[in-house]
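Student: I would like to learn how to read this structure step by step, starting from the whole chain and ending at a single residue. Could you take me through it?

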Amino acid sequence: MELHKIEGPLKLEAKRGYKNDAVIGGLGKFVINTIEEIDIDSAKKQKLKVLFTGYDSQPPDERTKTIQKALELVYKSSPLTEKIDTFHRKEIEQVSITNFFEPVQYVKGIGPSLANVLKRLNVETAYDLLYYFPRDYIDLRNISQIGTIRSGDNVVLNVKIVSVTERRARVNIITALATDGTGYVNAVWFNQKYMKNILKPGTELILSGKVQFAYGKWEMPSPDYEVAHEGKETVHSLRIIPIYPLTQGISEKVMRNKIKQAVDTMALNIFDYLDESVKEKYNFVDISNALYNIHFPQNFQALSKAKERLIFDELFELQFLLGIRKHEIKKLEGIKFEITDENIKEFESLLPFVLTQDQKSAVRETVEDLKSGKPMNRLLHGDVGSGKTVVALFGIYISAKNGYQSAMMSPTEILAQQTFKVGELLLSKANLKVALLTSGTSAKTRKIILEEAKEGRIDVLFGTHALIEEDVKFKNLGTIVVDEQHRFGVLQRGALRKKSLFPHTLVMSATPIPRTLALTLYGDLDITQIREMPKGRKPIITKVFFEEGVKAYDLLLEELRKGRKGYVVCPLIEEREELDLQSVQRKIEELSSSYLTNYALGMLHGGMSSEEKKRVMEDFRSGKLQVLVSTTVVEVGVDVPDATVIVIEDADRFGLATLHQLRGRVGRSDIQSYCFLITRNPSEDAVKRLRILEKTNDGFEVSEEDLKLRGPGEILGTRQSGIPELKLTTLLTETDLKLLEVARNEALALINQEVKWDKAHESELLSLMKKKFRDKVSLVEVA
């Protein structure tokens, strides 16, 4: 039956909101002309004629009824309620979105060659293509008339070609003279010879671009264009058009065409996993509507609703994933430790200082976890130097008191050695045996350590990634501490956890995280903050210098004369070791021949081995070196109490969070410390960032400001290997923050069975989670 020729435009008219813009020239005229040309029975033809006579002048509610009646005729005996397009009602043949996790090359119109190009954009499946969102939009809905345009305006023109000429100057130039009935315009293309095959007299074009009036005529240099075919929907004009991020080998038009085809063939029949009760409660559009309008918005209100739904989905899926992990772990039987008040007093007696109130609170929360009989799964985050390690050592001490071993993993050898020294100094007083295992451990020592750990003769094993190697085994591992968690992937934490069946896990991070991001990133963990700094610590004085830094180095010199030490940090020019080395060497030569002629300077750079870095740090700590120059970020957590000055060159090249971490290399004692930020020709945004550091030493405040200025990307990146990618969510707007709360509440309510979803919807959600996150992490084994 030939009625399929009008079915597509009828459904498109419904999708676009009954605005009579599904086809050029109006839908009424198109339907009446088309049914005259096709073979259908006369009664049906007459009914359709009556329906569409005067359609152009009907109000939207009348057009709605017209389209519904027309679709009922098209679908013959099938009732409208079964077949009407998914923007208004569900179609019979709805498909699971999990069907779209197939290679993108099998999507119609893609193929192996284009699939290789799309792979560079991380588009590898049909699902990825549907969820490859525009970075911007251009509104090309309003057609101007040549008779009313002004020079310099960006306009859209609907014209017919009068003539086409080609000439060659230094480049090939093709000019199309075109008119819309109110005037003439010359559209000009350079070095695009193929346009001769497209531009023919009488061809109707939609042109968009800047117009200029010169030498008595209108011109449009290199306009975007689309050939207008009557009865065919436009993709690149007369609508809000999407602008996508691209890569070499694909143009904006090709990308737009391919995604339009994918949306039309796949997005409109997706079975929506979100339960109807949730959609009704928050007035969310369905997923088909959202996917269509995020790519090809009917209007900006529809785009806003599409973003709202898709941002909710991102956050809901993340909260569901993390919530499931947390829920499953809470159900497991953990190791129940016996802890008395006497144990806590014994531990405190080992310390050469009094715990802060925040540390005491963290210890109490740790006690509750360890006594619960469930596996502890806690994030301890706080500022640099706030005393997180002491809380971790308390958990390790209690573990040993209960006859269990502990492991503490640091991201680098320098930090592992430093933590080991602190732990050894403290825990040896309680007659606990500690050991250090890194990639630099000799084969002989490593063999002894592995034997003792396996036999239970080592109470605490400190180390780096070496702890998660296959041959490292424990007799009875009870507690795991992961230091500076964001440098490890979640998978690496999981590998360490498998050394024992559900031990207690404490994750430490020196990146203070705003509450909204902590909920987003660490929804699977219980969270403890330490905001209070140890008594006696003086706030670091931070100063920005908009010059060559003469004053900053004068102040560094003053501190060195007092017998103190300092750091100088240069930004990386490129991620190449030889340039890294050259940059440090140049800075050392410059300083040695000017400000610091009487002082010993050392350097750290990317090409140094672990052993060399260790030796330099020891020389700096012992006083053989007074100044350390580095292009690599000086290790988070490195503790040199008499280092009181850090000078950061070209500070505007660093993010706020990084600068705050660098600043934390000084101020590790009761001596006044300084951070000098040198910047040359900074942008306005960079000045704002640097001024924040002058105002506050509080890492949580810095983190909040960083979130406002830069978005969550930098902090989100700290856990990118373990959580789903967030494509639309910024967490910077009130809408996003409300959606985060809604998503979290709905996810937890479903997990805790406080609400009941339709079985089909719940099953679809679980299927999607398994498909979508199969390469991420296990829902249960990793926390």
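Tutor: Let us begin with burial, where a residue is called buried when its relative accessible area is under 20%. The model here is predicted, and in it buried residues make up 54% of the 783 residues in the protein chain.

Student: How many helices and strands does the protein chain have?

Tutor: The protein chain has 27 helices and 22 strands. As for how its parts come together, among contacts with a separation of 6 or more, 73% are between residues 24 or more positions apart.

Student: How should I read a helix pair, and at what angle do α13 and α14 pack?

Tutor: One compares the directions of the two axes, and an angle under 35 degrees counts as roughly parallel. Helix α13 (residues 357-371) packs with helix α14 (residues 388-401) at an angle of about 30°, the axes being 10 Å apart, which makes α13 roughly parallel to α14. The crossing of this pair, α13 and α14, is right-handed.

Student: Which residues of α13 and α14 meet?

Tutor: From α13 come Q359, A362, V363, T366, V367 and L370, and they meet V390, V391, F394, G395 and I398 in α14. Sorted by class, the contact of α13 with α14 has eight nonpolar residues, three polar ones and no charged residues.

Student: At what angle do α10 and α11 pack?

Tutor: Helix α10 (residues 287-295) and helix α11 (residues 300-331) pack at about 120°, with their axes 8 Å apart, and α10 and α11 are therefore oblique to each other. The crossing of α10 and α11 is left-handed. Their contact is formed by I287, A290, L291, N293 and I294 on the α10 side, and by A302, L303, A306, K307, R309, L310 and D313 on the α11 side. By class, the residues in the contact of α10 with α11 divide into eight nonpolar, one polar and three charged.

Student: Turning to sheets, what is the order of the strands in the open sheet of six strands?

Tutor: A sheet is read by following its strands from neighbour to neighbour, and here the order is β17-β22-β21-β18-β20-β19, with parallel pairing. The edge strands, β17 (541-545) and β19 (601-604), each pair on one side only, and neighbouring strands of this sheet are turned by 15° against each other on average, with direction ignored. As one example of a pair, strand β18 (residues 565-569) and strand β20 (residues 627-630) pair in the parallel sense over four bridges, and V569 stands opposite S630 in β20.

Student: Which strands does helix α19 lie across?

Tutor: Helix α19 (residues 550-561) lies across β17, β18, β20, β21 (643-648) and β22 (674-678), and runs at about 155° to β22. Helix α23 (residues 684-695) also packs on the sheet, where it touches β17 and β22, and its direction makes about 150° with that of β17.

Student: Finally, how do I read a single residue, and in which strand is F190 found?

Tutor: One asks where the residue sits, how accessible it is and what it touches. F190 is found in strand β4 (residues 184-190), and F190 is partly exposed, because its relative accessible area is 37%. Leaving out residues up to four places away in sequence, F190 touches V171, N172, I173 and S222. F190 and I174, 16 residues apart in sequence, are 6.5 Å apart in space, C-alpha to C-alpha.

Technical notes. Residues are numbered from 1 along each chain as its sequence is written. This is a predicted model: local features need pLDDT of at least 70, side-chain atom pairs count only at pLDDT 80 or more; totals for chains, interfaces and linings use all residues. Side-chain values use heavy atoms; hydrogens and water are left out. Axes are lines fitted to C-alpha atoms, for helices over the stretch in contact, and angles run from 0 to 180 degrees between N-to-C directions. Helices (H or I, at least four residues) and strands (E, at least two) are DSSP runs, numbered from the N terminus. Angles under 35 degrees count as roughly parallel, over 145 as roughly antiparallel, 65 to 115 as roughly perpendicular and the rest as oblique. A crossing is left-handed if the near helix is turned anticlockwise from the far one by less than a right angle, and right-handed if clockwise. Contact means heavy atoms within 4.5 Å. Ala, Val, Leu, Ile, Met, Phe, Trp, Tyr, Cys and Pro count as nonpolar, Asp, Glu, Lys and Arg as charged, and the others, Gly among them, as polar. Two strands pair if DSSP finds at least two bridges between them. Buried means under 20% relative accessible area, exposed over 50%, partly exposed in between (1.4 Å probe, protein chains only).
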